[in-house]
Amino acid sequence: MEIENFGAQTDNADFSNPLAMIHACHERIRRFCRLLQDAGSALQQHGASQDFVTACKHIHHYFSTAGKLHHQDEENDIFPLVIRTSLKIAELIHQLKQEHRQLDQLWESLAPLLQSARHLDDPGQFIRLANDYARLAVAHVDKEEEEFLPVIQHLLSSEQLEKIGHSMALRRNLAFPPPGFE
Ligand SMILES: [Fe+2]
Ligand SMILES: [Fe+2]
C-alpha cells in the first residue's frame, strides 16, 4: 500500500485554467480511490496495521476537504453556466448531481469508519463501503471526463472561464491570479 505523495493541496495551482484544475482534481480522486481499495485489501490481509490507520487518515482528510470543494466547484460554478445549453447537457448534469448525492450518502457511512480505523467492529463493512465508494467515484469522474468536460470546454467563453477560476480560488482562500501570474 503506497501512502507517499498523497498531497491533497492544489499544488502548482493555476486558476486561470480551471478545467485543467478539474482534471487534476480527478487524478487525485482516482489516486485516493486506489488507496481506499488498497486499504480494504490490507485490512483483510493484515488487520488494522499502522499503515492501514495512516492511509485511512489521509483518505478521510482528502475527501472531507479537497474532495468536497471539488463537488462545490462543479455544482456552484460550472453546472449553472452550461445547464441551459442543451437538453442533453441538462440531463447529464442531473445524473452527475445525483451521483454526487449518492457519494455523499456513502461518505456519511464510510467517514466514521475511516476515523475509527484502529478499532473497527466490522471489517467486512469497511471493505464493502470502501469498494462501493471507490467504484462509484471513479465511474463518476470517468463519465465527467468522457461525456461532460470535452463538450463544455467548447461552450465556455474566456470570461466565463475566468469567472470560474476566480470563484474556485476564492473557495480555497487563495489569491487570484496566483502570485507571479500577472
Ligand atoms: Fe462531479
Ligand atoms: Fe468532478
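Helix 3 comes out about as long as it should: at 1.5 Å a residue its 17 residues ought to span 24 Å, and the end C-alpha atoms sit 23 Å apart, which agrees. The expected span here is 1.5 Å times one less than the number of residues, and helices (H or I, at least four residues) and strands (E, at least two) are DSSP runs numbered from the N terminus. This is a predicted model, where local features need pLDDT of at least 70, side-chain atom pairs count only at pLDDT 80 or more, and totals for chains, interfaces and linings use all residues. Residues are numbered from 1 along each chain as its sequence is written, with chains lettered from A and ligands numbered from 1 in the order in which they are written.

Overall, the chain has six helices and zero strands. Of its 182 residues, 23% count as buried, that is, with 20 or more other C-beta atoms within 10 Å of their own (12 or fewer is exposed, in between is partly exposed, and C-beta atoms are placed from the backbone). Among contacts with a separation of 6 or more, 78% come from residues 24 or more positions apart, a contact being two C-beta atoms, placed from the backbone, within 7 Å.

Back to helix 3, which bends by about 30 degrees at Glu-75; the bend is the angle between axes fitted to the seven residues ending there and the seven starting there. Its buried residues are His-70, Asp-73, Asp-77 and Ile-78, and their cover includes helix 1 and helix 6. The axes of helix 3 and helix 6 come within 10 Å and cross at roughly 155 degrees, which makes the pair roughly antiparallel (over 145 degrees; under 35 is roughly parallel, 65 to 115 roughly perpendicular, the rest oblique). On the helix 3 side the contact includes Leu-69, Gln-72 and Leu-81, and on the helix 6 side Ile-164, Met-168 and Arg-171.

Helix 5 (residues 123–152) has 30 residues and reaches 42 Å between its first and last C-alpha, close to the expected 44 Å. There is a bend of about 40 degrees at Glu-145. Buried positions in helix 5 include Phe-126, Tyr-133, Val-141, Glu-144 and Phe-148, and the buried set packs against helix 1 (18–46), helix 3 (66–82) and helix 4 (87–115).

One backbone oddity turns up in the segment after helix 6 (158–171), where Asn-173 is placed. Asn-173 has a positive phi of about 55 degrees despite not being a glycine. With 6 C-beta neighbours inside 10 Å, Asn-173 counts as exposed.

Key:
Axes fitted to C-alpha atoms, helices over the stretch in contact; angles between N-to-C directions.
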